[in-house]
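Colleague: I would like a close look at one charged pair, and then at what lies elsewhere in the chain. Please explain each term when it comes up.

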Amino acid sequence: MSRNPITPTIPLDAQGVHHGFLKLPYSRDDSAWGSVMIPITVIANGDGPTALLTGGNHGDEYEGPIALQELATSLRPEEVTGRVIILPMLNTPAVAAGTRCSPVDGANMNRSFPGTPDGTVTQKICHYVATELVPRADIVLDFHSGGRTLDFLPFAAAHVLDDKKQEAACMAAMQAFNAPYSVRMLEIDNVGMFDTEVESQGKVFVTTELGGAGTATARSIAIARKGIHNLLVHAGIKQGALQRDETVHLDMPDETCFTFAERSGLVEYLVDLGDTLRAGQPVARIWPADRSGEAPAICTARRDGLLTARHVPGLVKLGDFIALVAVVEDQPDA
Ligand SMILES: [Zn+2]
């Protein structure tokens, strides 16, 4: 296997604050000797754990990039014991285009791990992250939101893992993040995810879904900001108190949490995010967009729970995601 062509323009293992890029040569029509430049900030001080914080894995999700840009400009080395590696716009070409997948190779970064050093642009970035950044980290936080086609109740999540000790460490970090909702997630199709790669290296991993609809709100940014602070305190990297608010514990035990559209058309939601649903209850009606006088198709919840994610915008296509119904757990806030 060839060497990964990415080179950092800053030292990754030096003390102090360094802002620079991961430079990936990318020869193309408009720049024969050009490069993809992935912004990176490293803030290190003394001996301690390393946190790897990433946003923009998908390019149309904004809480992570904004909150991490703020962190990169405001976190002072004297506040840090150990190291914080910040990549606010990991999938830089997708962030620049405002798209979920990379416009360069069409790849979904979160289905492209562990990547390969001689593959496409996305595969090379994934391979560098998996072989150079994740091994340096003790704890990894990867920000997601719904992007342009989903909207979520704001939650942090940790996965059900075979290694129960690692799972407990991930759950504790997820609870420290302290989003309004805390989700224990069984990933149905985890092949190629950043999550899976980090977890396979034995690291503590937390992910989020903080909103969506192709933008961020003051409230969702505040959740991201607090979560970063709490996670760094929890990891022993930053001094200070955890900022604790109430959180609702949700479980996503299996695929009956999901409902998909079996017709294209105009989607009319009958409940909103956070509303309670019973199994069999209609979540949405899909009206034809091309004729009048025809009854709508009914989409129903497949189990009891809270409407945790929904489709945006108002048109749906056959096979689109309609609803995620997560189960409320009566586990008290730790
Ligand atoms: Zn995402």
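Which side chain does Arg184 meet in a salt bridge at 3.3 Å, N to O?

Modeller: The partner of Arg184 is Glu167, and the closest N to O distance is 3.3 Å. Arg184 belongs to strand β9 (residues 181–185) and Glu167 to helix α4, so the salt bridge ties together parts that are 17 residues apart in sequence. A salt bridge here means a side-chain nitrogen of Lys or Arg within 4 Å of a carboxyl oxygen of Asp or Glu. Helices (H or I, at least four residues) and strands (E, at least two) are DSSP runs, numbered from the N terminus.

Before going on, note that this is a predicted model, in which local features need pLDDT of at least 70 and side-chain atom pairs count only at pLDDT 80 or more, while totals for chains, interfaces and linings use all residues. Residues are numbered from 1 along each chain as its sequence is written, and side-chain values use heavy atoms, with hydrogens and water left out.

The two partners differ in exposure. Glu167 is buried, at 8% relative accessibility, whereas Arg184 is partly exposed, at 28%. Buried means under 20% relative accessible area, exposed over 50%, and partly exposed in between (1.4 Å probe, protein chains only).

Arg184 also forms a salt bridge with Asp251, with the closest N and O atoms 3.8 Å apart. Asp251 sits in strand β11 (residues 248–252) and Arg184 in β9, so this pair ties together parts that are 67 residues apart in sequence. Asp251 counts as buried, with a relative accessibility of 15%.

Other charged side chains can be read in the same way. The count of salt bridges comes to 19. One of them joins Asp304 and Arg278 at 3.5 Å, N to O. Asp304 is in the loop between β16 (297–300) and β17 (305–311), and Arg278 is in the loop between β14 (276–277) and β15 (282–287), 26 residues apart. Asp304 is partly exposed at 35% relative accessibility, and Arg278 is exposed at 52%. Elsewhere, salt bridges with shared partners connect Asp13, Arg83, Glu132 and Arg136 in one network.

Glu197 makes a contrast. It lies in helix α5 (residues 194–200). It is buried but has no salt bridge, and the nearest side chain of opposite charge, Lys203, is 9.8 Å away. For charge, Lys and Arg count as positive and Asp and Glu as negative, while His and the chain ends are not counted. Neighbours within four places in sequence aside, Glu197 is in contact (heavy atoms within 4.5 Å) with Phe113, Pro114 and Ala130. Phe113 and Pro114 are joined by a cis peptide bond, with omega about 5 degrees. Pro114 is in the loop between α2 (92–97) and α3 (121–133).

Helix α4, which holds Glu167, also supplies residues to the largest nonpolar core. That core has 32 residues, and Leu53, Leu71, Val84, Leu141, Phe143, Phe177 and Ile228 have the most contacts inside it. Helix α4 (164–177) is among the elements that each supply at least two residues of this core; β4, α1 and α6 (218–234) are others. A nonpolar core is a set of buried Ala, Val, Leu, Ile, Met, Phe, Trp, Tyr and Cys residues joined through side-chain atoms within 4.5 Å. Leu71 touches Leu53, Val84, Ile86 and Ile228, not counting residues up to four places away in sequence.

In the loop between α4 and β9 is Asn178. Its phi is near 60 degrees, a positive value in a residue other than glycine. Most residues other than glycine have a negative phi. Asn178 is buried, at 1% relative accessibility.

The last site is the zinc ion. Its donors are His58 (ND1), Glu61 (OE), Glu61 (OE) and His144 (ND1), at 2.0 to 2.3 Å. His58 is in the loop between β4 (50–54) and α1 (63–74), and His144 is in the loop between β6 (139–142) and β7 (150–152), 86 residues apart. Donors are N, O and S atoms within 2.8 Å of the metal (3.2 Å for Na, K and Ca); water is not among the atoms, so sites may look incomplete. Both His58 and His144 are buried.
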